[in-house]
Amino acid sequence: MTSTSSKRYRIPRSTDLTAWMTESAGNNSEQMLMMCRKLRTACRQELTPRQREIVELYFFSGKKTTMTRVARQLGIHRTTVSRTLKRAMRRLRNHLRYAW
């Protein structure tokens with residue numbers, strides 16, 4: 001029979017964990033700036049004009065935009081917006097995966 005350690009581990013409270021994560025996290029602002037630059041470049045180079053238009057309306061219009069609202073604004077069906085966004089995100093993800 002193996003003996004188990006009698007030492008008990010204290011489970012940190014969520015506030016302790018949040019404080020520890022905040023203290024131990026480094027400043028990643030340079031990495032975020034680089035990622036944003038690469039994302040903008042990928043949008044220009046990898047997306048079709050229609051994909052770019054839908055991505056900009058959906059993510060960067062400034063207000064909480066739904067696929068239905070984007071579809072209405074462009075005069076297309078909501079499922080077209082959904083499929084186009086899915087394809088655009090896949091293209092961006094693949095491009096950014098290899099850009100690093």
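## A helical chain, seen from its cysteines

Cysteine 36 has a relative accessibility of 37% and therefore counts as partly exposed. Cysteine 43, by contrast, has a relative accessible area of 13% and so is buried. A search of the whole structure, which is a predicted model, finds 0 disulfides.

### The chain as a whole

The chain is built with 5 helices and 0 strands, so that a reader who follows the sequence from its start meets the pattern α-α-α-α-α. Of the 100 residues of the chain, 16% count as buried, and the accessible surface comes to about 8600 Å², of which carbon and sulfur atoms hold 54%. When contacts between residues at least 6 apart in sequence are taken together, 57% of them join residues that are at least 24 apart.

### The pocket beside the cysteines

Both cysteines named above, Cys36 and Cys43, belong to the lining of the largest pocket, together with Leu39, Arg40, Arg44, Arg52, Val55, Glu56 and Phe60. This pocket has a volume of about 150 Å³. Helices α2 and α3 each supply at least two residues of the lining, and α2 gives the most, with 5 residues.

One of the lining residues is Arg40, which lies in helix α2. With a relative accessibility of 48%, arginine 40 counts as partly exposed, because the range for that class ends at 50%. The C-alpha atom of arginine 40 is 9.9 Å from that of leucine 92, although the two residues are 52 residues apart in sequence.

### The largest nonpolar core

As a general matter, nonpolar side chains in soluble globular proteins tend to be buried together. In this chain the largest nonpolar core has 13 residues, and the members that touch the most others are Leu47, Ile54, Val55, Val70, Val81, Leu85 and Leu92. The elements giving two or more residues to this core are α2 (29-46), α3 (49-60), α4 (67-74) and α5 (78-99), and among these α5 gives the most, with 5 residues.

Leucine 47, one of the core members just named, is in contact with Ala42, Arg52, Val55, Ala88, Arg91 and Leu92, once its neighbours within four places in sequence are left aside. Val55 in turn appears both among the core residues that touch the most other members and in the lining of the largest pocket.

### Where α2 meets α5

Which residues does alanine 42 contact, leaving aside its neighbours within four places in sequence? They are Leu47, Leu92, His95 and Leu96. Alanine 42 is found in helix α2, and its relative accessibility of 0% is the reason why it counts as buried.

Histidine 95 has its place in helix α5. With its neighbours within four places in sequence set aside, histidine 95 is in contact with Ala42, Gln45 and Glu46. Is histidine 95 buried or partly exposed? At 24% relative accessibility it counts as partly exposed, because buried would require a value under 20%.

Three pairs of residues, each far apart in number along the chain, are set out below with the separation of their C-alpha atoms.

| Pair | Residues apart along the chain | C-alpha separation |
|---|---|---|
| Alanine 42 and leucine 92 | 50 residues | 6.3 Å |
| Arginine 40 and leucine 92 | 52 residues | 9.9 Å |
| Histidine 95 and leucine 39 | 56 residues | 9.0 Å |

### A buried threonine

Helix α5 also holds threonine 84, whose relative accessibility is 11%, so that this residue counts as buried. When residues up to four places away in sequence are not counted, threonine 84 touches Gln51 and Ile54. Ile54 is itself among the members of the largest nonpolar core that touch the most others, which links the surroundings of threonine 84 to the core described earlier.

Definitions and conventions. Residues are numbered from 1 along each chain as its sequence is written. This is a predicted model: local features need pLDDT of at least 70, side-chain atom pairs count only at pLDDT 80 or more; totals for chains, interfaces and linings use all residues. Side-chain values use heavy atoms; hydrogens and water are left out. A nonpolar core is a set of buried Ala, Val, Leu, Ile, Met, Phe, Trp, Tyr and Cys residues joined through side-chain atoms within 4.5 Å. Buried means under 20% relative accessible area, exposed over 50%, partly exposed in between (1.4 Å probe, protein chains only). Helices (H or I, at least four residues) and strands (E, at least two) are DSSP runs, numbered from the N terminus. Contact means heavy atoms within 4.5 Å. Accessible areas come from the Shrake-Rupley method with a 1.4 Å probe; for residues, only the protein chains shown count as cover. A disulfide is a pair of cysteine sulfur atoms within 2.5 Å. On a 1 Å grid over the protein atoms alone, a cavity is a set of points where a 1.4 Å probe fits but cannot get out, and a pocket is an open set with protein on both sides within 12 Å along at least five of seven lines; lining residues have an atom within 4 Å of a point. Grid points are joined across faces, edges and corners, and a volume is the space filled by probe spheres set on the points.
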